Amino acid sequence: MTAKKKTTNQRPRRLPHGLEKETFSIKEAAAIAGLADKTVRNEIYVDLFRVELDDKSRVAISARGVIYLRLIHLLPVQLGPKDRNALSRMLAEGWPGAEGWVRKGDTISKGMVSLDVGVAERDAIERLRIFVRGRGRLDSDTGGPAGDMLFKETAIRVRLVGALLARGADPKKMREAFPALDADDITFAGMFARLNKGPGSASSGRARAARAAR
């Protein structure tokens, strides 16, 4: 009886919370990862991770792509393009190693460098979960500026909560100020605020022009 050879092929870990089928725009991916839009566009431009196009030919970034971007943001060292590409392949396609990197469990290593990516991956997955849930909590504010959104079944503007967080408000005190919101809502508002810059944005500018033309 011959022993079976161990396969070197690995599959990426299955993502929880139904994230496998979710996709995100460049702005959404940047907001979740905590990066500037320009940084995300540059990663795409130099082909460091894979993206797709949606049915309207817009860039659609997978949840695994967002995890890669969040990981790049949180890593304590700055990696070069080849190493970043290797990391994205190891995360998205289950590669056991590339460009000299080897992954064992939550640790990736190359030579004397050893990095624990498990914490960053879990952080990214949690932020993805909160963002996807938050998208389902949005309701249009028909009486407010163009593009303004409310949390469903409340009169609380998402952008207002995000703006307060950006100014240094304590999330715990925000829960006291807005008892209709939970911790996930507060965190989502911080990410959502990056997507809508408020008065002066293109959407509000178009709304003003439309009103002036009436």
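I took the expected span of a helix as 1.5 Å times one less than its number of residues. Helices (H or I, at least four residues) and strands (E, at least two) are DSSP runs, numbered from the N terminus. The model is predicted: local features need pLDDT of at least 70, side-chain atom pairs count only at pLDDT 80 or more, and totals for chains, interfaces and linings use all residues. Residues are numbered from 1 along each chain as its sequence is written, and side-chain values use heavy atoms, without hydrogens and water.

**Helix 3**

I checked the length of helix 3 (residues 63-74) first. Its 12 residues should span 16 Å at 1.5 Å a residue, and the end C-alpha atoms are 16 Å apart, so the two agree. I then looked up burial (buried means under 20% relative accessible area, 1.4 Å probe, protein chains only). In helix 3, 9 of the 12 residues are buried, among them Val66, Ile67 and Leu69. I noted that their cover includes helix 2 (37-45), strand 3 (59-62) and helix 4 (81-93).

**Core**

I looked up the largest nonpolar core (buried Ala, Val, Leu, Ile, Met, Phe, Trp, Tyr and Cys residues joined through side-chain atoms within 4.5 Å). It has 51 residues, and Leu69, Leu128 and Phe151 are among those with the most contacts inside it. Helix 3, helix 5 and helix 8 (183-192) are among the helices that each supply at least two residues. For Phe151 I listed contacts (heavy atoms within 4.5 Å). Leaving aside neighbours within four places in sequence, its partners include Arg137, Val161 and Phe188.

Conventions
Buried means under 20% relative accessible area, exposed over 50%, partly exposed in between (1.4 Å probe, protein chains only).
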